Every structure is written in C-alpha cells, then in structure tokens.
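Subject: Structure handover

Dear colleague,

Here is the structure I promised to pass on. Please open it alongside this note.

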Amino acid sequence: MTAERGPAHWDVLWSMLCGGGIVYSASFAVLPWLLDQTRSEDPDGVLQAVTLAGAIIARADQPHGAGDVRTHYAAEIEQLLARKRDLVQTLVEQDRHDRLIRMKLGRNWADPAGPTYPVERDDLRPNALRAVVSDHMAPLLKEAGFARSGPRFTLTTASGDQAWILAHRFELGEYDAEFHVDSGVRPSSLDAVKEAKVPIGDSVLDQRMSDPWDSLQMWKFDLDDTATIAIFKDALRDLRDHLAHLVADRQNLLALLRDPAARVRSISGPRDRLLAVSSYDLGPSEELETALRSIEQRNPSDRLPAWIRQQLAANS
C-alpha cells in the first residue's frame with residue numbers, strides 16, 4: 001500500500017484478507033494497521049479500512065488458526081467500532097458503508113450483526129432500472145438541459161463540448177437490480193483527433209463517479225425505498241451541476257485536469273495527454289508545449305504531439 005493508494009490497492013487487500021468472506025490468521029493480524037488507516041485524512045481510505053475491518057471481525061467464528069481474536073484484538077476492535085459509529089452519522093454515509101460491503105461480499109454474506117438488504121419483489125426486478133431512469137433521473141437531468149437517449153443523457157454546449165451520464169445494469173444476484181451510473185466529459189477538440197485516426201479514447205473524463213466525486217458507482221433500489229431514492233437524487237443533482245460547470249467553459253475542465261488531487265481516468269495514458277487533447281484547439285501556450293514535450297519524452301512514437309503541432313501550424 002503506497003502513499004498514492006487508490007481503489008485498486010484496496011481491492012487487492014479485500015481479496016487477500018477477506019475474499020469471498022473467507023478469513024485467515026493474517027486477516028486479523030492486519031487489524032492494527034487498519035485501525036491506523038482510520039485516522040487518515042482520506043475519507044475513501046477511512047471507509048475502506050473501517051468496512052474491511054468490520055467484515056474481517058464478523059468472520060471471527062470461521063476456522064482461521066488465530067485463536068481468540070476477539071480477546072486478542074479487543075482494544076483495536078473497540079476503537080474500530082467507535083470509529084465506525086463516528087463515520088456513519090448520516091444516511092449517505094451508512095449507505096456508502098453498506099454498499100461497499102455488499103459489493104465486496106455479495107448478498108449472502110450472512111453476518112447477523114451486519115447490514116441487511118431487502119430483496120426486491122419479483123414484479124419490480126426487470127423494470128427497476130427503467131423506472132429509476134424515467135421517474136427520477138430524467139426530470140433532474142432534463143431540467144439542466146441534458147437530452148435523453150434511452151438510459152444515456154447528454155448535455156451539448158454551443159462550442160460542441162459534451163457532458164454525459166449513463167445508467168446501466170450490474171447484477172450481483174438473481175433478484176438484484178443494482179446498476180452503475182457512469183459519466184464523462186468529451187470536449188469538441190477530441191473530434192478532429194479521432195477523425196485523423198490518432199489513437200485515443202472516446203472521452204477525456206470517463207469514469208464511474210466514485211473518483212474524484214462521491215460515489216454514484218452502484219445503486220440498488222426497492223422502488224418503494226424513498227430514503228435511498230432521495231440520497232440518489234441529491235448525489236445525481238451534484239454530479240449534474242458539476243459536469244455542467246466543466247463544459248460551460250473549457251478552462252473549467254482544464255483546471256480540473258491540472259489539479260493533481262483530481263483522480264481522473266485517462267483516455268490513453270497520463271495527464272499530459274489529457275491536457276494536450278483538451279487545449280490544443282485553444283491555440284499555442286506554454287502549458288501545451290510542456291505537455292507535448294512530456295509525451296514525446298515518454299513515448300517518441302506517440303503520434304499525438306506531431307499531429308497537434310501540425311494543427312497549430314495550419315491555424316497560425
């Protein structure tokens with residue numbers, strides 16, 4: 001676990017220490033370290049540490065060869081429980097904790113002290129996502145100018161820059177109606193790059209909204225669950241407004257890409273490529289030239305810098 005740890009690092013720890021809900025002596029030996037992580041200033045890391053520790057402790061009755069772990073680690077367990085109580089003070093925070101456990105351990109992890117998950121009624125399961133999109137997503141997004149095409153909503157500015165939000169199914173069990181909400185920003189500058197067949201992805205900012213914003217990554221709905229729907233709509237409204245801000249002015253997107261704390265998933269490599277694709281149509285700049293040199297030094301065969309310089313020369 002490095003100083004730049006992220007979701008992928010935590011995924012590895014989950015699989016090694018509590019994969020499928022199976023624990024080992026090493027799982028309990030990590031509890032003191034997990035307690036230290038709950039004192040971090042990274043809210044996602046605190047959530048991961050508290051939730052993983054709770055999942056491990058809940059499996060203490062399994063054969064694991066670590067002896068009486070509830071006695072041996074009593075002090076750590078007491079502090080972890082206190083930290084969890086501090087963490088889940090609101091419905092939003094409790095929901096994030098519960099969904100993380102469900103995502104990692106599935107619907108049948110069966111800890112009597114842990115969160116319970118209502119099973120959707122059979123008649124709702126096939127249409128739950130469609131109902132959420134039509135009844136809850138569409139009104140919020142259309143009022144902000146997003147156009148709908150099925151479960152995808154797109155906001156297009158006068159300059160051609162686009163922001164998009166997409167909901168799609170992600171089933172974890174026979175009766176689950178869980179789904180992801182993905183989103184992205186696609187500047188109009190990307191069109192010419194793709195038309196020139198310079199290898200590149202489809203969006204500059206393309207990710208599930210757990211990073212860098214709060215998680216809209218996975219949702220499960222009983223359509224009568226008004227509390228969860230209210231939480232979802234609040235998070236969706238924040239996401240909608242943030243994306244609209246990013247495409248309102250290209251400088252807003254560039255400011256996000258410049259920020260080292262903004263953990264964005266690149267179209268095809270590091271942040272310098274994102275900056276270059278998102279800014280070359282604005283004309284030459286010292287920042288653009290620095291990004292192009294950085295790309296060339298890392299990969300001399302990358303066609304993007306040469307193509308961008310051709311465009312700049314043609315437009316000068």
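Below is what was found, from the overall fold down to the salt bridges.

Keep in mind that this is a predicted model.

Overall picture

The protein chain has 316 residues, and 46% of them are buried. Its secondary structure comprises 14 helices and 6 strands. Long-range contacts are well represented: among contacts with a separation of 6 or more, 60% join residues 24 or more positions apart. The chain exposes about 15,600 Å². Carbon and sulfur atoms account for 51% of that area.

Salt bridges

Side chains of opposite charge can pair when their charged atoms come close. How many salt bridges does the structure hold? The count is 13. Three of them are described here, starting with a pair of sequence neighbours.

Asp241 and Arg240

The side chains of these two residues form a salt bridge, at 2.9 Å from N to O. Are the partners buried or exposed? Arg240 has a relative accessible area of 7%, so it is buried, being under the 20% cut-off. Asp241 reaches 38% and is therefore partly exposed.

Arg250 and Asp281

This salt bridge spans 2.8 Å, N to O. Arg250 sits in helix 11, residues 250–258. Asp281 is in the loop between helix 12 (271–279) and helix 13 (286–298). The partners are 31 residues apart in sequence, so the pair ties together separate parts of the chain. Arg250 is buried, at 9% relative accessibility. Asp281, at 36%, is partly exposed.

Glu289 and Arg309

Here the N to O distance is 2.7 Å. Which elements does the pair link? Glu289 belongs to helix 13, and Arg309 to helix 14 (residues 304–315). The two are 20 residues apart, and the pair links distant parts of the chain. Glu289 is partly exposed, with a relative accessible area of 27%. Arg309 is also partly exposed, at 28%. This pair does not stand alone: salt bridges that share partners join Glu289, Arg293, Glu296 and Arg309 into one network.

Where to look

For a quick tour, begin at Arg240, which is buried. Move on to Arg250 in helix 11 and its partner Asp281 in the loop. Finish at the network that includes Glu289 and Arg309.

Best regards

Methods. Residues are numbered from 1 along each chain as its sequence is written. This is a predicted model: local features need pLDDT of at least 70, side-chain atom pairs count only at pLDDT 80 or more; totals for chains, interfaces and linings use all residues. Side-chain values use heavy atoms; hydrogens and water are left out. Helices (H or I, at least four residues) and strands (E, at least two) are DSSP runs, numbered from the N terminus. Buried means under 20% relative accessible area, exposed over 50%, partly exposed in between (1.4 Å probe, protein chains only). Contact means heavy atoms within 4.5 Å. Accessible areas come from the Shrake-Rupley method with a 1.4 Å probe; for residues, only the protein chains shown count as cover. A salt bridge is a side-chain nitrogen of Lys or Arg within 4 Å of a carboxyl oxygen of Asp or Glu.
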